[in-house]
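Subject: Structure handover

Hello,

Here is the structure for you to look over. My notes follow below it.

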Amino acid sequence: ILTSLTPIFTLALVSIRRQEQGGWSSWIGFCLATIGVLLLRLEGDSEPESSSLMGDLLVMGSSASYAMFLTLGHRFLRTYDQLWGTAWIFMVGSLLLAMLSIPHWPDVGPLDRVRDQAPTILYVLIGGTLAPYLLSNWALSRTPSSRVALFSYLQPVVVSIIALFFYGEKL
């Protein structure tokens, strides 16, 4: 639910920066999409936990950060090459994550486990990370930020379809 705030944050930022002309119809559309995500969430059988406040704040921070990227990245990616922009995002992100993960390096198991999980790791890196970033940056260079942000509302739909066909979930 909290990740569905990304388009709302993006619309707010582009409106504040006068980057796009979003009227009431945009706000109504974004709110209806958020309500749709909430309805999907309410169908689940798990209760939200109050102990997850820090995680919730981190997810909201992530949504706000991505909204800021969409807002500021639009002009940058229209000017510069999307492939190089994506490469820089990955390089900076990798360095930051490497530094943040240093305390956890001793917890990493033997490299045998990494080798056994290579197909999964490759899929996550290419199919779940690199390809979506390349597509997102390509779209961001050609489309208003708020429209690119709307694609995040497809995530629950795609996950629901995958769960339906591959994991036997009920619609």
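At what angle do helix α1 and helix α3 pack, and how far apart are their axes? The angle is about 45°, and the axes lie 8 Å apart. Helix α1 covers residues 5-16, and helix α3 covers residues 53-79. An angle of about 45° falls outside the ranges for roughly parallel, roughly antiparallel and roughly perpendicular, so α1 and α3 are oblique to each other. The crossing of α1 past α3 is right-handed.

Which residues make that contact? From α1 come L5, T6, F9, T10, L13 and V14. From α3 come M60, S63, A64, Y66, A67, M68, L70 and T71. Sorted by class, the contact has 10 nonpolar and 4 polar residues. Charged residues are absent from the contact of α1 with α3.

Please bear in mind that this is a predicted model.

Now the whole chain. The protein has 8 helices and 0 strands. Its pattern along the sequence reads α-α-α-α-α-α-α-α. There are 171 residues, and 19% of them count as buried. The accessible surface is about 12,800 Å². Carbon and sulfur atoms account for 70% of that surface. As for sequence range, take the contacts with a separation of 6 or more. Of these, 78% join residues 24 or more positions apart.

Two single residues are also worth a look.

N137 sits in helix α6, which spans residues 118-142. Is N137 buried or exposed? Its relative accessibility is 0%, so N137 counts as buried; the cut-off for buried is under 20%. Setting aside residues up to four places away in sequence, N137 touches F69, L77, Q82, G85, T86 and I89. Of these partners, F69 and L77 have numbers that fall within the 53-79 range of helix α3.

E169 is in the segment after α8, the helix of residues 154-166. Its relative accessibility is 48%, so E169 counts as partly exposed. The exposed class begins over 50%. Which residues does E169 contact, leaving aside neighbours within four places in sequence? They are A163 and L164. Both numbers fall within the 154-166 range of α8.

To recap the two: N137 has 0% relative accessibility and is buried, whereas E169 has 48% and is partly exposed.

Best wishes

Terms used: Residues are numbered from 1 along each chain as its sequence is written. This is a predicted model: local features need pLDDT of at least 70, side-chain atom pairs count only at pLDDT 80 or more; totals for chains, interfaces and linings use all residues. Side-chain values use heavy atoms; hydrogens and water are left out. Axes are lines fitted to C-alpha atoms, for helices over the stretch in contact, and angles run from 0 to 180 degrees between N-to-C directions. Helices (H or I, at least four residues) and strands (E, at least two) are DSSP runs, numbered from the N terminus. Angles under 35 degrees count as roughly parallel, over 145 as roughly antiparallel, 65 to 115 as roughly perpendicular and the rest as oblique. A crossing is left-handed if the near helix is turned anticlockwise from the far one by less than a right angle, and right-handed if clockwise. Contact means heavy atoms within 4.5 Å. Ala, Val, Leu, Ile, Met, Phe, Trp, Tyr, Cys and Pro count as nonpolar, Asp, Glu, Lys and Arg as charged, and the others, Gly among them, as polar. Buried means under 20% relative accessible area, exposed over 50%, partly exposed in between (1.4 Å probe, protein chains only). Accessible areas come from the Shrake-Rupley method with a 1.4 Å probe; for residues, only the protein chains shown count as cover.
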